[in-house]
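Me: Got a minute to go through a model with me? I'll throw short questions at you, and plain answers are fine.

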Amino acid sequence: MAKFILRSPKSDKEFEQYFYFRWQQLREPLKLPRGSEQDDLEDQAFHCMAIMPNQKIIGVGRINHELNNAMRIRYMAVDQTVQSKGVGSAILQKLIEYAKQKHAKTCWLNAREKACTFYLKQGFEIQDKIESDLNIPHFRMEKKI
């Protein structure tokens, strides 16, 4: 696999592509409309995307501040054709580095059941099974940093 780079989207066009990728990976398979891949914290969050030399986005993730020195990771997605090749791990590491720079003590997320193994390998622990508005099993996971 060619080398990818990690960075935040820089322009309105890149953010549009970033959000479209998120929708394609996370919401379109659930038959959810465009716009469902965003929330009201986008402007306050740190965004990370993995892109190939040809500028194709192959992975995304976001982190935002929560209460009590915690940060929440959301909207992690990696193109199925490059899963298990280090893209998701690299994005997650970048998000956790950001959390450390902001002096967070924990990172947490709600993982789809099929993603739990990935997060367990990254040092997250399952806290609880949760109800999701997406009607698919999710687990609250946390990592002390």
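Me: Which strands does helix 1 lie across?

Reply: Helix 1 lies across strand 1, strand 2 (46-51), strand 3 (57-65), strand 4 (70-78) and strand 5. Its direction is at about 95° to strand 3. Helices (H or I, at least four residues) and strands (E, at least two) are DSSP runs, numbered from the N terminus. For the angle, axes are lines fitted to C-alpha atoms, for helices over the stretch in contact, and angles run from 0 to 180 degrees between N-to-C directions. Contact means heavy atoms within 4.5 Å.

Me: What kind of model is this, and which pLDDT limits apply?

Reply: It is a predicted model: local features need pLDDT of at least 70, side-chain atom pairs count only at pLDDT 80 or more, and totals for chains, interfaces and linings use all residues. Residues are numbered from 1 along each chain as its sequence is written, and side-chain values use heavy atoms, with hydrogens and water left out.

Me: OK, the sheet. What's the strand order?

Reply: The order is 1-2-3-4-5-7-6, in an open sheet of 7 strands with mixed pairing. Two strands pair if DSSP finds at least two bridges between them.

Me: Which strands stand at the edges?

Reply: Strand 1 (5-7) and strand 6 (125-130). Each has a single partner strand, so one side of each is left without a neighbour in the sheet. On average, neighbouring strands here are turned by 20° against each other, direction ignored.

Me: And in what sense do strand 5 and strand 7 pair?

Reply: Antiparallel, with 7 bridges between strand 5 (residues 106-112) and strand 7 (residues 138-144). As one example, Trp-108 has Glu-142 in strand 7 as its bridge partner.

Me: Switching to arginines. Is Arg-62 buried or exposed?

Reply: Arg-62 is in strand 3 and counts as buried, at 0% relative accessibility. The cut-offs: buried is under 20% relative accessible area, exposed is over 50%, and partly exposed is in between (1.4 Å probe, protein chains only).

Me: Which side chain does Arg-62 have a polar contact with?

Reply: Asn-64, at 2.9 Å. A polar contact is a pair of N or O atoms within 3.5 Å; within protein, one must be able to donate a hydrogen and the other to accept it, and residues adjacent in sequence count only if both atoms are side-chain atoms.

Me: What about Arg-112, what does it touch?

Reply: Not counting residues up to four places away in sequence, Arg-112 touches Leu-26, Arg-27, Leu-30, Leu-134, Ile-136, Pro-137 and His-138. A polar atom of its side chain lies 2.8 Å from the backbone oxygen of Leu-26. Arg-112 is in strand 5 and is buried too, with a relative accessible area of 17%.

Me: Any arginine charge over a ring? Which ring does Arg-22 go with?

Reply: The charged end of Arg-22 sits over the ring of Tyr-75, 3.8 Å from its centre. Lys-3 sits over Phe-4 in this sense as well, with its charged end 5.8 Å from the ring centre. The rule is NZ of Lys or CZ of Arg within 6 Å of the ring centre and within 35 degrees of the ring normal.

Me: Rings, then. How many aromatic pairs are there?

Reply: The count is 7 aromatic pairs. One of them is Tyr-20 with Trp-23, tilted, at 5.7 Å centre to centre and 40° between the planes. Rings of Phe, Tyr and Trp (its six-membered ring) pair if their centres lie within 6.5 Å; planes under 30 degrees apart count as stacked, over 60 as edge-to-face and the rest as tilted.

Me: Where do Tyr-20 and Trp-23 stand in helix 1?

Reply: They are 3 residues apart in helix 1 (residues 12-27), so about one helical turn separates them. Tyr-20 is partly exposed at 36%, while Trp-23 is buried at 11%.

Me: And how is the Tyr-119 and Phe-124 pair arranged?

Reply: Edge-to-face, with 5.7 Å between centres and 75° between the planes. Tyr-119 is buried at 7% relative accessibility, and Phe-124 is buried at 2%.

Me: Last one: where is Lys-31?

Reply: In the loop between helix 1 and strand 2. Lys-31 is exposed, at 75%, and has a positive phi of about 65° although it is not a glycine.
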